[in-house]
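Welcome! Here is a short, friendly tour of a protein model for anyone meeting it for the first time. Please keep the sequence and the 3D view open as you read.

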Amino acid sequence: MNRCVEIAKNGLGNTAPNPMVGCVIVLNKKIIGEGYTSPFGGSHAEVNAINSVKNKEALKKATLYVTLEPCSHHGKTPPCSDLIIHYKIPRVVIGCLDPNVKVNGRGIAKLRDSGCEVVTEFESKMCTEHHKRFLTYHTKNRPYIILKWAQTKNGFVAPKIKINNSPEWITSMYSRKIVHKWRSEEQAIMVGANTIIQDNPNLTTRHVKGSNPIRVVISDNRKIPAKSNVFNNDTETHIININNFDKDSDTAKQICDELFKKNINSIIIEGGPRTLQYFIDENLWDEARIFVGEKEFNNGIKSPKFDLKDSKIKSIGKDKLLLIRNNSNQ
């Protein structure tokens with residue numbers, strides 16, 4: 001199962017809204033086939049693993065290990081459980097169950113009804129962590145949410161006045177490359193309209209190799225310039241106007257409802273402070289990743305109000321990276 005998770009990570013950033021599943025087929029304690037989920041619309045992990053086995057007769061004596069319950073419904077591809085049954089694989093070991101209403105135990109039931117021995121929740125803690133994005137989407141009806149920002153040693157995210165109207169970088173280029181790698185791992189990225197107006201960011205993965213996330217901009221009827229970089233052809237952009245929301249309901253919750261409707265199962269929120277604060281105040285987040293640079297500003301825009309006491313600290317050159325998991329949302 002460790003190997004299943006290891007190869008499944010090859011799908012990170014490419015399979016959403018499908019889960020990034022890993023599958024290994026074993027015979028006589030030797031791996032005879034393995035596969036992971038293809039980019040969205042392509043074959044699932046079980047199909048790729050079975051196709052990698054040269055001698056299909058060997059499948060009749062093999063054990064199939066998979067991180068997530070095999071699907072039992074027709075989507076972009078046929079059901080994986082049907083393929084397992086077709087090749088008469090006698091034993092299937094599953095890491096965690098699929099809470100998707102289209103599956104939710106049906107894959108396991110179909111396999112058992114065919115006479116297959118099924119072992120469930122094997123190394124479930126590891127597999128649940130691996131599938132945290134997909135599981136959060138289907139159990140909480142919202143994306144897996146990562147908060148990210150960079151702040152100075154004295155707690156500012158930007159200076160009050162910009163020099164030559166250009167960004168004032170707080171962290172090193174190496175830290176910024178790490179952020180671009182994070183972007184490539186999530187399905188979407190979010191900022192507020194003010195960030196677009198003030199900084200005109202691209203919100204892409206241009207400093208690393210990887211897919212650009214879907215761009216989501218939170219607006220309150222402020223006019224975003226038509227020539228803003230977020231409207232280029234690098235990737236798609238969605239504008240969510242919070243002025244259309246119910247004023248008596250929580251803002252972050254309503255944003256999450258819109259993201260859920262768009263089938264977005266993970267998002268990294270990069271600012272500004274007002275947008276981040278919506279999610280902090282409503283406790284709608286799963287991870288926080290906060291860079292603290294060496295710089296200090298005399299005045300400027302303050303960082304979000306956030307409790308940093310439970311953070312794990314990593315050194316990234318001269319920068320500090322604070323990592324926090326929201327255990328109340330686990």
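A residue is called buried when its relative accessible area is under 20%, exposed when it is over 50%, and partly exposed in between. By that rule K312 counts as exposed, because its relative accessible area is 64%. The model you are looking at is predicted. We start from K312 and its strand, then move on to the sheet, the cores, a helix and the largest pocket.

**Around K312**
- You will find K312 in strand β14.
- Setting aside residues up to four places away in sequence, K312 touches L321, L322 and L323.
- K312 and R325 are 13 residues apart along the chain, and 9.3 Å separates their C-alpha atoms.

**The hairpin of β14 and β15**
- Five bridges hold β14 and β15 together as an antiparallel pair.
- One of the bridge partners to look for is L322 in β15, which is matched with I313.
- Two residues lie between the strands of this hairpin, and G317 has a positive phi near 65° there.

**The eight-stranded sheet**
- Eight strands make up an open sheet with mixed pairing, and their order is β10-β9-β8-β11-β6-β12-β15-β14.
- At the edges are β10 (237-241) and β14 (312-316), each of which pairs on one side only.
- On average, neighbouring strands of this sheet are turned by 20° against each other, direction ignored.
- As a general reminder, strands of a sheet pair through backbone hydrogen bonds, in either a parallel or an antiparallel way.
- Strand β6 (residues 144-151) and strand β12 (residues 287-292) run parallel and are joined by six bridges.
- Within this part of the sheet, W149 is found opposite I290 in β12.
- Lying across β6, β11 (266-271), β12 and β15 (319-325) is helix α6 (residues 132-140), which runs at about 120° to β6.

**Two nonpolar cores**
- The largest nonpolar core has 33 residues, and those touching the most other members are I25, I50, L64, V66, I84 and V92.
- At least two residues of this core come from each of α1 (2-8), β1 (22-27), α2 (45-51), β3 (63-68), β4 (91-96), α4 (106-113) and α6.
- With five residues, β1 provides the largest share of this core.
- Beyond its neighbours within four places in sequence, V66 has contacts that include M1, C4, E46, V92 and I94.
- There is also a second, separate core of 30 residues, with M190, V216, C256 and I267 among them.

**Helix α9**
- Which residues of helix α9 (residues 251-261) are buried? They are A252, Q254, I255, C256 and L259.
- The cover over the buried residues of α9 includes β6, β8, β9 (214-219), β10, β11 and α10.
- Just after α9 comes N263, with a positive phi of about 60°.

**The largest pocket**
- The volume of the largest pocket is about 1,100 Å³.
- Its lining consists of 45 residues, of which V157, A158, T195, D199 and E270 are the closest to the centre.
- Elements that each give at least two residues to the lining of the largest pocket include β6, β7 (156-159), α7 (173-185), β8 (188-192), α8 (193-199), β11 and α10 (273-281).

Methods
Residues are numbered from 1 along each chain as its sequence is written. This is a predicted model: local features need pLDDT of at least 70, side-chain atom pairs count only at pLDDT 80 or more; totals for chains, interfaces and linings use all residues. Side-chain values use heavy atoms; hydrogens and water are left out. Two strands pair if DSSP finds at least two bridges between them. Helices (H or I, at least four residues) and strands (E, at least two) are DSSP runs, numbered from the N terminus. Axes are lines fitted to C-alpha atoms, for helices over the stretch in contact, and angles run from 0 to 180 degrees between N-to-C directions. Contact means heavy atoms within 4.5 Å. Buried means under 20% relative accessible area, exposed over 50%, partly exposed in between (1.4 Å probe, protein chains only). A nonpolar core is a set of buried Ala, Val, Leu, Ile, Met, Phe, Trp, Tyr and Cys residues joined through side-chain atoms within 4.5 Å. On a 1 Å grid over the protein atoms alone, a cavity is a set of points where a 1.4 Å probe fits but cannot get out, and a pocket is an open set with protein on both sides within 12 Å along at least five of seven lines; lining residues have an atom within 4 Å of a point. Grid points are joined across faces, edges and corners, and a volume is the space filled by probe spheres set on the points.
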